Amino acid sequence: MGAVLKANGDSFVLGPANGREFTLKEVQAVVGGYIEAVSIPRSTRTMWVNEEGLLKGLPLNEEASQLAKQRIVGDVLVSKESETESQPD
């Protein structure tokens, strides 16, 4: 299970379609484009963000920024690394 943290302040729990791990396409659909992993300090979870979010001028995501201890923009997915496929489909 992952948590979607939207830039507008909304959040919800999301499970992978196959019940085990998120595919690249699923993560890209959440963040709206190419993905980049951001480490969350003192956590076993990974935050997946839009790699081009700053270039595209996506809105600040305050909740994600607080978690990552850095400026994060756009919608993000937070998951355990084991919940994300290591190879694209």
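In which sense do strand 1 and strand 2 pair, and over how many bridges? In this predicted model, the two strands run antiparallel to one another and are joined over four bridges. Within this pairing, Leu5 has Ser11 of strand 2 as its bridge partner, and Gly2 stands opposite Leu14 of strand 2. The hairpin formed by strand 1 and strand 2 has five residues between the strands. In this hairpin, Gly9 adopts a positive phi near 100°.

Strand 1 also pairs with strand 5, again in the antiparallel sense, here over three bridges. Val4 of this pairing has Leu77 in strand 5 as its bridge partner. In a regular strand, side chains alternate between the two faces of the sheet.

Helix 1 spans residues 24–31, and its buried residues are Glu26, Val27, Val30 and Val31. These residues lie on the same side of helix 1 because they cover an arc of only 125° around the axis. An α-helix has 3.6 residues a turn, so residues three or four places apart point the same way. Lys25 and Ala29, on the other side of helix 1, are exposed. The buried residues of helix 1 pack against five strands, namely strand 1 (2–5), strand 2 (11–14), strand 3 (35–39), strand 4 (45–50) and strand 5 (76–80). Just after helix 1, a positive phi of about 80° is found at Gly32.

The nonpolar interior was examined next. In soluble globular proteins, nonpolar side chains tend to be buried together. The largest nonpolar core comprises 10 residues: Leu5, Val38, Ile40, Met47, Val49, Ala64, Ala68, Ile72, Val76 and Val78. Two or more residues of this core are given by each of strand 4, helix 2 (62–68) and strand 5. A second core, separate from the largest one, has eight residues, among them Phe22, Val27, Ile35 and Trp48. Val27 thus appears both in this second core and among the buried residues of helix 1.

Val78, a member of the largest core, was considered in more detail. When its neighbours within four places in sequence are left aside, Val78 is in contact with Gly2, Ala3, Leu5, Ile40, Arg45, Thr46 and Met47. Of these contacts, Leu5, Ile40 and Met47 also belong to the largest nonpolar core. Gly2 and Leu5, both contacted by Val78, recur in the pairing of strand 1 with strand 2, where Gly2 stands opposite Leu14 and Leu5 is the bridge partner of Ser11.

Definitions and conventions: Residues numbered from 1 in each chain as written. Predicted model: local features only at pLDDT ≥ 70, side-chain atom pairs only at ≥ 80, totals over all residues. Heavy atoms only, no water. Buried < 20%, exposed > 50% of the residue type's maximum accessible area, 1.4 Å probe, protein only. Arc of directions from axis to C-beta. Contact = heavy atoms within 4.5 Å. Pairing = 2+ DSSP bridges. Core = buried A, V, L, I, M, F, W, Y, C linked by side-chain atoms within 4.5 Å.
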